[in-house]
Amino acid sequence: MGINGLALGNTGYATAQAAPRAEALQLGAEALAQLQKLKARDSAVHQHEQAHLAAAGGLALSGANYSFQRGPDGVDYAVGGEVQIDMAPGANPADTLARARTISAAALAPAEPSGADRAVAAQARQMAMQAQAELAAQGGAAGQGTPQQRALRLAYAAAPAPPSAVDVYA
């Protein structure tokens with residue numbers, strides 16, 4: 001693929017949940033409404049990125065990186081985020097297939113995957129199809145292949161297809 005890392009993300013994360021400040025008590029109705037939106041976005045971003053991290057396992061190249069917006073209370077709130085994931089193929093087609101499935105699962109892990117998440121999942125599906133074709137070619141070149149290859153082909157043929165869409169950024 002030529003891409004060793006892609007970013008998965010959808011939402012952001014605040015640097016810290018600060019205790020309400022005295023200034024917050026004197027904010028106007030518009031500022032309070034903005035603050036509520038920022039807090040909700042911050043929470044959604046954290047959940048989204050944590051879902052990517054949990055599903056990526058060892059393919060995550062980093063923790064979540066967030067972009068922030070300063071709220072009317074002076075606190076930074078996450079409004080976007082991403083998780084870098086290793087998109088390199090495996091050492092062999094079977095390993096590549098396993099990696100592709102993990103990548104797809106990580107991309108689609110959040111409750112509401114972003115468009116970028118869906119694009120990463122589509123790339124992972126393409127990677128999986130190529131690996132499956134290579135496995136089939138290996139099996140065809142040597143008759144039915146080894147018992148392990150036959151078992152692997154049967155297992156992958158019976159596995160459900162991943163969802164068709166994933167979004168990575170918010």
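Is Phe68 buried, exposed or partly exposed? At 37% relative accessibility, Phe68 counts as partly exposed. Buried means under 20% relative accessible area, exposed means over 50%, and partly exposed lies in between (1.4 Å probe, protein chains only).

This is a predicted model, in which local features need pLDDT of at least 70, side-chain atom pairs count only at pLDDT 80 or more, and totals for chains, interfaces and linings use all residues. Residues are numbered from 1 along each chain as its sequence is written, and side-chain values use heavy atoms, with hydrogens and water left out.

## Overall layout

The protein has 4 helices and 3 strands. Their order from the N terminus is β-α-β-β-α-α-α. Helices (H or I, at least four residues) and strands (E, at least two) are DSSP runs, numbered from the N terminus.

Of the 170 residues in the protein, 36% are buried. The exposed surface comes to about 8,800 Å², and carbon and sulfur atoms supply 56% of it. Accessible areas come from the Shrake-Rupley method with a 1.4 Å probe; for residues, only the protein chains shown count as cover.

Contact means heavy atoms within 4.5 Å. Among contacts with a separation of 6 or more, 78% join residues 24 or more positions apart.

## Cores

The largest nonpolar core holds 17 residues. Ile85, Met87, Leu97, Ile103 and Val120 have the most contacts inside it. Helix 2 (93–107) and helix 3 (115–141) each supply at least two residues of this core. Helix 3 gives the largest share, 7 residues. A second, separate core has 6 residues, including Leu27, Leu35, Leu38 and Val75. A nonpolar core is a set of buried Ala, Val, Leu, Ile, Met, Phe, Trp, Tyr and Cys residues joined through side-chain atoms within 4.5 Å.

## Helix 1

Helix 1 covers residues 29–56. Its 28 residues should span 40 Å at 1.5 Å a residue, and its end C-alpha atoms are 41 Å apart, which agrees. The expected span of a helix is 1.5 Å times one less than its number of residues.

The buried residues of helix 1 are Ala31, Leu35, Leu38, Asp42, Val45, His46, His48, Glu49, His52 and Ala56. Leu35 and Leu38 also belong to the second core. Just after helix 1, Gly57 takes a positive phi of about 55 degrees.

## Helix 2 against helix 3

Helix 2 has 15 residues. From first C-alpha to last it reaches 21 Å, close to the 21 Å expected at 1.5 Å a residue. Its buried residues are Pro93, Thr96, Leu97, Arg99, Ala100, Ile103, Ser104, Ala106 and Ala107.

Asn92 caps the N-terminal end of helix 2. One of its side-chain oxygens lies 3.1 Å from the backbone nitrogen of Ala94. Thr96 makes another polar contact: a polar atom of its side chain lies 2.8 Å from the backbone nitrogen of Gly90. A polar contact is a pair of N or O atoms within 3.5 Å; within protein, one must be able to donate a hydrogen and the other to accept it, and residues adjacent in sequence count only if both atoms are side-chain atoms.

Four residues illustrate the packing here.

| Residue | Element | Relative accessible area |
|---|---|---|
| Pro93 | helix 2 | 9%, buried |
| Thr96 | helix 2 | 9%, buried |
| Ala131 | helix 3 | 1%, buried |
| Gln138 | helix 3 | 35%, partly exposed |

The contacts below leave out residues up to four places away in sequence. Ala131 touches Pro93, Thr96 and Leu97. Thr96 touches Pro89, Gly90, Met127 and Ala131. Pro93 touches Ala131, Glu134, Leu135 and Gln138.

C-alpha distances add to the picture. Pro93 and Gln130, 37 residues apart along the chain, have C-alpha atoms 8.3 Å apart. For Ala131 and Ala98, 33 residues apart along the chain, the C-alpha separation is 9.3 Å. For Gln138 and Pro93, 45 residues apart along the chain, the C-alpha separation is 9.5 Å.

## The aromatic pair

A pair of aromatic rings is described by the distance of the centres and the angle of the planes. A search of the whole structure finds 1 aromatic pair. The rings of Tyr66 and Phe68 have centres 6.3 Å apart and planes at 50 degrees, so the pair is tilted. Rings of Phe, Tyr and Trp (its six-membered ring) pair if their centres lie within 6.5 Å; planes under 30 degrees apart count as stacked, over 60 as edge-to-face and the rest as tilted.
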